[in-house]
Amino acid sequence: MGDTLSQKIIKNHLVSGEMKVGNEIGIRIDQTLTQDATGTMAYLELEAMGIDRVKTELSVAYIDHNTLQTGFENADDHRFIQSVCKKRGVRFSRPGNGICHQVHLERFGVPGKTLIGSDSHTPTGGGIGMLAMGAGGLDVAVAMGGGEYYITMPKMVKVNLTGALQPYVAAKDVILEVLRIMSVKGGVGKIVEYQGPGVKTLSVPERATITNMGAELGATTSIFPSDEITKAFLEAQGRGSDWTELSADEDAVYDEVIDIDLSALEPMAAMPHMPDNVKKVTEIGQIKVDQVCIGSCTNSSLSDMLKVAAILKGKKVAPNVSLAIAPGSKQVLSMLATCGALTDIIDAGARVLESACGPCIGMGQSPNSAGISLRTFNRNFEGRSGTADAGIYLVSPEVAAASALTGVLTDPRTLGEPLHILMPNKFLINDNMVELPATPEEAKDVEVIYGPNIKPFPESNVLTDEIKAPAILKVGDNITTDHIMPAGAKILPYRSNIPFLSQFCFRQCDENFAENCKAAGKGFIIGGANYGQGSSREHAALVPLYLGIKAVITKSFARIHAANLINAGIMPLTFQNPDDYDKIDQTDSLVLKDVFASLDSGNFTLVDETKGIEIPLVGIFTDRQKEILKAGDLLQFTKGSK
């Protein structure tokens, strides 16, 4: 029995554990990336560990999220990250160089290597055959220090692609179809591998769009083979020597197989407010559109932008539409300018934004009240755009551009003749916005610069054998990290200031959450299924830690958030019987007894003193995770094991 592509890469990087589904394994990490919304905390954690020099093959810090500087906070954080990178051996991608995933794909990703990043869309690297995974900042800091990255050995899903995409049908429609089939929680505990003859019809940027948005499945990661198309892309980037041919064995066995005929797909859209709420554009109909945003790490490649420019050329954006376009990297923007496509975009009436995440994380370009916004992004969670009552639809660049011209949701197949976009044999290469770190000798004289907005890492919980606290909050299914710890221009500048950030925690669900936590001193959170989906932001665990949350009890968890809770010293527990969720009300007085014995057995008992009932819970932790919880958090555990 042969190996899948992911199994081959895992086997080559396995440090501890057995590659058996459900077992915890530790793997060696070759590369890491951070972005500035999560990076400040990751580098504070690295400093707290006392690591003199990173031990990975390559680590890169990107400034791409907090680029809207309305005060000193973001600029100070960037200066801190820049100084840590120079001292500790990390490359620093300056603001304006582009979105981390787009730039990493262009300039640094290597087939067959492992990559973790403090951003949930790190699986973009799977487009060139990397085992690339999103992780919490503390996990990334540990990896930079030479530690293993631990995951539960996933199941393997094969998506068998046949046929070829029809004109005006895009890679975005492929991943929307996968989301329609699997749902936002269907990928939990799984790696999605794309195979079949249809793979050869997809370019690397198209593959990267698919693996990028695979994060919305809840999957550990997604990956494509590394083939002659990958080789051509890397050669065009001047990195042909990085190419290695990689594929699954012909007799590889998968736990699940999904068949998709690319030629049968149509333009689609994810409707408000979930990425798996997918319908065909023709089914939704010609709804009026107020705003169109094109870009993000999902759809900001040169090929995407050239298609948009070709659709807009010689035309004018509809009067009722605000069109904003953000090329994904300096390379993309430079090449658009060189070939004249940027002029076509500007002349049509588009607003060109900087090469950064921007509106995807609520950093500007919020739509009008109750507005309809079409976006080529990866998430359309309620309120994420910055406008609470906006309707956000996720679409391909082709649908977005066509709709910007007509003012209504438009099937781009009505535009007529197919687009003919020729990709360059060689990309413009200029890495002058990537700063190299100081040499180990030079680094001795480099000072790490801390701004006044940077506050200490929150103190960890001291685990006790009995925890008595109220149910501070009860929430439903599919609670996202945006619900727990929102993004946006008003909040993101305080990602290094946990005390200030705490006042915004869960405000969308309960505006009194922070005050209730402070009044109680400690508490439990009760949640439904797929709790913590979305971003990898560890702030969704660190802020509840600061507010005294001892455990989160749900029907099920998203992978990264569960890991972040453990890293922060908060126990993620699940109902043995999901129906017991209905028995607990917010403000009930709860007691968790015999915690230490329960950690060993995996069976916990929750006493609801208000109702006078006992509820069985499950908490299956590895030996390492038990020690992390007993130590207080991963930082204390790591420092204690050095």
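Two strands pair if DSSP finds at least two bridges between them. Helices (H or I, at least four residues) and strands (E, at least two) are DSSP runs, numbered from the N terminus. This is a predicted model: local features need pLDDT of at least 70, side-chain atom pairs count only at pLDDT 80 or more, and totals for chains, interfaces and linings use all residues. Residues are numbered from 1 along each chain as its sequence is written, and side-chain values use heavy atoms, with hydrogens and water left out.

**Exercise 1. Work out the strand order and the edges of the three-stranded open sheet.**

Step 1. The order is 1-2-8, and the pairing is antiparallel.

Step 2. Strand 1 (14-16) and strand 8 (149-152) each have a single partner strand, so one side of each lacks a neighbour in the sheet.

Step 3. From one strand to the next, the twist averages 45°. Angles run from 0 to 180 degrees between N-to-C directions, with axes fitted to C-alpha atoms, for helices over the stretch in contact.

Step 4. Two bridges link strand 1 to strand 2 (residues 24-27) in the antiparallel sense. Leu14 has Ile27 of strand 2 as its bridge partner.

Step 5. Add the helix. Helix 1 (residues 5-13) lies across strand 1 and strand 2, at about 55° to strand 1.

**Exercise 2. Trace the six-stranded open sheet and the chain through strand 4.**

Step 1. The strand order is 7-6-3-4-5-20, with mixed pairing. Strand 7 (131-134) and strand 20 (434-435) are the edge strands, each pairing on one side only.

Step 2. Strand 3 (residues 31-35) and strand 4 run parallel, joined by five bridges. Thr34 stands opposite Ala61 in strand 4. Between these strands the chain passes through helix 2 (residues 36-49), in a right-handed β-α-β crossover. Right-handed here means that, with the strands pointing away from the viewer, the path from the first strand over the helix to the second runs clockwise.

Step 3. Strand 4 and strand 5 (residues 91-93) also run parallel, with three bridges. Tyr62 stands opposite Ser93 in strand 5. The chain gets from strand 4 to strand 5 through helix 3 (residues 72-88), and this β-α-β crossover is right-handed.

Step 4. Strand 5 meets strand 20 in the antiparallel sense, over two bridges. Phe92 stands opposite Glu435 in strand 20. Helix 3 packs on the sheet and touches strand 4, strand 5 and strand 20. Contact means heavy atoms within 4.5 Å.

**Exercise 3. Which way do the residues of strand 4 point, and are they buried or exposed?**

Step 1. In a regular strand the side chains alternate between the two faces of the sheet.

Step 2. In strand 4 (residues 58-62), Leu58, Val60 and Tyr62 point one way, and Ser59 and Ala61 the other.

Step 3. All of these are buried. Buried means under 20% relative accessible area, exposed over 50%, partly exposed in between (1.4 Å probe, protein chains only).

Step 4. Apply the cut-off to Glu47 of helix 2. Its relative accessible area is 17%, so Glu47 is buried. Leaving out residues up to four places away in sequence, Glu47 touches Val84, Arg88, Val448 and Tyr450.

**Exercise 4. Describe how helix 10 packs against helix 11.**

Step 1. Helix 10 (residues 302-312) and helix 11 (residues 330-339) pack at about 40°, with axes 10 Å apart.

Step 2. Leu302, Met305 and Leu306 of helix 10 meet Val332, Met335, Leu336 and Cys339 of helix 11.
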